[in-house]
Amino acid sequence: MNTLTGKHPSHRGSGDGKPVERLGAAVVGLGGAVATTAVAGVELLRLGACGQDGLPLAARTDLVPYEALVFGGWDVCADDLAKAAHLHQVLEPAQIEAVAPRLQRLRPWPAAADPDYCRAVTGANIAPSGGLRERTDRIREDLRRFRREQELDEVVVVNLASTERLPDPASPSLASPEAFEAALDGGDGAITPAMLYAYAALREGMAYLNFTPSVGADVPALTLLAERQGVPIAGKDGKTGQTMVKTVLAPALRSRALRVEGWYSTNLLGNRDGRALEDPGSLASKTATKESVLDTVLGYPVEDHQVRIEYYRPRGDQKEAWDNIDLVGFLGRRMQMKIDFLCRDSVLAAPLVLELVRLLAEARRRGERGVQEQFGFFFKAPMTLGGRAPEHALHRQERALLDWLDGRAPRDARP
């Protein structure tokens, strides 16, 4: 097994009270732009070759240090991470070369994939086909081997794979752990690849993070299983660029009683995630999480809220997120606001993934279980306890997170 190693001390503890010196991140989509950026970033931090810009919790020395992270994971492409990073063109060539010897030793494990759920992104590094139960058993064995060979104190399973189309939410197979188990044995098509990874993580007692819009652990069967297994879960869909700006600006407009008459958002991106979103099913998953934010923050429906995502290959990872906002103010006078955010999609996302891995390890240490609502700060469509409406305003989400970190906010009683 090829993984990044390097032992670094931490003064934190795991769920059993032992110190966490080595924290594993088992990443679905390890060869993607976000994952390669995160792995290279940790290695550059280890070398002292970069600063901590973009890492919102860098000052929290009570969390497991970044240098304690050990990476492994799955991808449909078998390229080593140095080659993958060059292909994605997120980092400067000199940055990749500085850590290339370590990245070259890390190759993804064969992935569990289903073209019926993600048609636009394919590859040859696919695990042998078999029934759903066989595929989950293979994932679980990968996780056990990763933990054993790397002598890891904790492992967090992270979904960074390309966006899948939505499954049937009303499927009885997703209603309870028992129904899910039966569906695994019966090969039920309602179970997605993302769910297989989430199920495998929970059965192995490992925290699970869904940074994608795909349906992972956010079905009743798996949220209930997380509670029973005593495992923390968090998701979904990382809040990085355009939606982050929206959840900062919309509360300000509301506080000034400026009525939003229309909000048009468009995105141009040319990375692998953008290519996946060319498929209408995958696109519907993504736009659903982006569109869910605005009405909740403002407190009223915006009839002309439109979100467009376009794959434009020359843009690569350098996404352009453009917003036009039509406002109505005092005396019915109309105004406009325009925002053009030229950003590096993976450079925004990767540090948030690193923070969430550290936070889930801390949740595990504290004995938290099930949905970690206090991590909503990082997500477009935050999972919540009991299915209640999520908080989207960034400043309120940040306060909830910091209160939890500082022990000032006891978790709500669970249903």
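Here is a stop-by-stop tour of this predicted model, saying what to select and what you'll find there.

**Stop 1: the parallel sheet**

Start by colouring the strands. Seven of them make an open sheet, running in the order 3-2-1-4-5-6-11, and the pairing is parallel. Which strands stand at the edges? Strand 3 (109-110) and strand 11 do; each has a single partner strand, so one side of each has no neighbour in the sheet.

Stay at the strand 3 edge and add strand 2, residues 69-75. Strands 2 and 3 pair in the parallel sense over two bridges. To see one bridge, pick tryptophan 74: its partner in strand 3 is tryptophan 109.

**Stop 2: aromatic rings**

Keep tryptophan 109 selected and show the side chains of Trp74, Phe146 and Tyr197 too. Together, Trp74, Trp109, Phe146 and Tyr197 form one aromatic cluster.

Across the whole structure, a search turns up eight aromatic pairs. One of them is tryptophan 109 with phenylalanine 146: the ring centres are 5.5 Å apart and the planes sit at 65°, so this pair is edge-to-face. These two come from distant parts of the chain, with tryptophan 109 in strand 3 and phenylalanine 146 in helix 4 (residues 132-149), 37 residues apart. Are these two residues buried or exposed? Tryptophan 109 counts as buried because its relative accessibility is 6%, and phenylalanine 146 counts as buried too, at 0%.

Now jump to phenylalanine 211 and phenylalanine 379. This is another edge-to-face pair, 6.4 Å centre to centre with 65° between the planes. Again the pair links distant parts of the chain: phenylalanine 211 is in the loop between strand 5 (207-210) and helix 7 (220-229), while phenylalanine 379 is in the loop between strand 11 and helix 13, 168 residues away. Both phenylalanine 211 and phenylalanine 379 are buried.

**Stop 3: a loop residue**

While you're in that part of the chain, select alanine 381, which is in the loop between strand 11 (370-371) and helix 13 (394-405). Alanine 381 counts as buried because its relative accessibility is 16%, and the cut-off for buried is under 20%. Then add lysine 239: it is 142 residues from alanine 381 in sequence, yet 8.4 Å away in space, C-alpha to C-alpha.

**Stop 4: the nonpolar cores**

Next, look at what's packed inside. In soluble globular proteins, nonpolar side chains tend to be buried together. The largest nonpolar core here has 59 residues, and the members that touch the most others are Phe71, Val357, Leu359, Phe375 and Phe378. Which helix gives this core its largest share? Helix 12 (residues 345-365) does, with eleven residues.

Click on leucine 359 and show what surrounds it. Beyond its neighbours within four places in sequence, leucine 359 is in contact with Leu57, Leu63, Phe375, Phe378, Leu401, Trp404 and Leu405. There is also a second, separate core of 42 residues, which includes Ala26, Val28, Ala183 and Leu222.

**Stop 5: helix 2**

Select residues 81-88, which make up helix 2; its buried residues are Leu81, Ala82, Ala84, Ala85 and His88. Look down the helix axis: the buried residues fall within an arc of 160°, so they line one face of the helix. What covers them? The cover includes helix 1 (33-47) and helix 3 (93-103).

Check both ends of helix 2 as well. At its start, a side-chain oxygen of aspartate 80 comes within 2.9 Å of the backbone nitrogen of alanine 82. Just after the helix, glutamine 89 has a positive phi of about 55°.

**Stop 6: the hairpin**

Move on to strand 9 (residues 318-328) and strand 10 (residues 334-344), which pair in the antiparallel sense over eleven bridges. Lysine 319, for instance, has cysteine 343 in strand 10 as its bridge partner. The two strands form a hairpin with five residues between them, and in the turn leucine 331 has a positive phi of about 65°.

**Last stop: arginine 254**

Finish in helix 8 (residues 242-255), where you'll find arginine 254. This residue is partly exposed, with a relative accessible area of 47%. Setting aside neighbours within four places in sequence, arginine 254 is in contact with Thr296, Val297, Leu298 and Gly299. Zoom in on its side chain: a polar atom there lies 2.7 Å from the backbone oxygen of valine 297. The C-alpha atoms of arginine 254 and leucine 298 are 5.8 Å apart, although 44 residues separate them along the chain.

Note on methods
Residues numbered from 1 in each chain as written. Predicted model: local features only at pLDDT ≥ 70, side-chain atom pairs only at ≥ 80, totals over all residues. Heavy atoms only, no water. Buried < 20%, exposed > 50% of the residue type's maximum accessible area, 1.4 Å probe, protein only. Helix = DSSP H or I, 4+ residues; strand = E, 2+ residues; numbered from the N terminus. Arc of directions from axis to C-beta. Contact = heavy atoms within 4.5 Å. Polar contact = N/O pair within 3.5 Å; in protein donor to acceptor, adjacent residues only side chain to side chain. Pairing = 2+ DSSP bridges. Core = buried A, V, L, I, M, F, W, Y, C linked by side-chain atoms within 4.5 Å. Phe/Tyr/Trp six-rings, centres within 6.5 Å; stacked < 30°, edge-to-face > 60°.
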